[in-house]
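Biologist: I'd like a close look at just one part of this model, the ligand site. Take me round it slowly, please.

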Amino acid sequence: MNNQLNHIAIIMDGNGRWAKKQDQKRTFGHFHGAENVRNVAIAAQELGIKVLTLFAFSTENWKRPLEEIDYLMKLPAYFFDKFMKELMERQIKIEFIGHFSRLPQGTQKVLKRAMEQSKNNTAMKLVFAMDYGGRDELVEGFKRYAQDVVDGRENNITEDEVENYLMTTGLGDVDLLIRTSMEYRISNFLLWQIAYAELLFVEKPWPKFTPEDLKLCIDEYHQRQRRFGGLG
Ligand code: IPE
Ligand code: IPE
Ligand code: MG
């Protein structure tokens, strides 16, 4: 029962299917998914989690219909308008990983404002992964490293130093990765950072995933025996 738990990452999947099941548009699912981010983030903070990283939009999600992409890109404005005050009261710090410059200007502005406003908060980092892909992150990191070597850095990188070339610098490895909606895959999320994460796949779609479900996931995590290749 004494596994350390600093960093939880969640692949928030199943919004569209959940909506369709009720004869609603997929965007209806995304709306309720965004509302649920507030509930789960606050629960995580209350449970003492230090970092919560949420997969909100992947580098592959640009393949979706324009209308859906548009809706997803506008959700942060709605989300922060409605919940920023509460997040600030709780000392939650907003961070971002992903290909920031490719997001629409309006979305960038909203995210920048939230990050700026919350930069001194200390209770929990709430990290939004938008236009994020694990491979894209590695490509960007390789480019920066190559440039540093050209600029005179010694070509002697270690595993610890790789972290400096990722978008997650300072967030640490993922301890627990949760994916909702019963798909058993990683879908290009945090490839380096989940090397030794405990994986949990839950049946509920994201809009139905409750703070109580988070608590159950954490309980399950504490039952696991993490060995990191040793004998425990
Ligand atoms: C997850 O829900 C949210 C995003 C990928 C933006 P989906 O939109 O993938 O919902 P399903 O998987 O189609 O049900
Ligand atoms: C992963 O979900 C991305 C997000 C949750 C943002 P997808 O729905 O895009 O993943 P696949 O396509 O089922 O693998
Ligand atoms: Mg999906």
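Modeller: Sure, starting with the classes: Ala, Val, Leu, Ile, Met, Phe, Trp, Tyr, Cys and Pro count as nonpolar, Asp, Glu, Lys and Arg as charged, and the others, Gly among them, as polar. On that basis the shell around ligand 2 splits into five nonpolar, two polar and four charged residues. Bear in mind that this is a predicted model, where local features need pLDDT of at least 70 and side-chain atom pairs pLDDT 80 or more, while totals for chains, interfaces and linings use all residues. Residues are numbered from 1 along each chain, chains are lettered from A and ligands numbered from 1 as written, and side-chain values use heavy atoms, without hydrogens and water.

The shell of ligand 2 (residues with a heavy atom within 4 Å) holds Ile11, Met12, Asp13, Phe55, Ala56, Phe57, Asn61, Arg64, Arg179, Arg185 and Ser187. Its largest share, three residues, comes from strand E2, residues 51-58 (strands are DSSP E runs of at least two residues, helices H or I runs of at least four). Now the polar contacts (N or O pairs within 3.5 Å). A polar side-chain atom of Ser187 lies 2.6 Å from an oxygen of ligand 2, the side chain of Asn61 puts an N or O atom 2.9 Å from a ligand 2 oxygen, and for a polar side-chain atom of Asp13 the distance is 3.2 Å. Alone, ligand 2 exposes 390 Å², and the protein buries 78% of that (Shrake-Rupley, 1.4 Å probe).

Over to ligand 1, with 13 residues around it, of which Met12, Asp13, Arg17, Arg26 and Arg64 come nearest. Here the classes are three nonpolar, five polar and five charged. A polar backbone atom of Arg17 is 2.7 Å from an oxygen of ligand 1, and a backbone N or O atom of Gly14 is 3.4 Å from a ligand 1 oxygen. Arg26 joins in through its side chain, with a polar atom 2.8 Å from an oxygen of ligand 1. Taken alone, ligand 1 exposes 370 Å², and 87% of that is buried by the protein.

Helices H1 (15-21), H2 (26-46) and H3 (66-89) each give two or more residues to the shell of ligand 1, and H1 has the largest share with three. Just after H2, Gly48 takes a positive phi of about 85°.

How values were computed. Polar contact = N/O pair within 3.5 Å; in protein donor to acceptor, adjacent residues only side chain to side chain.
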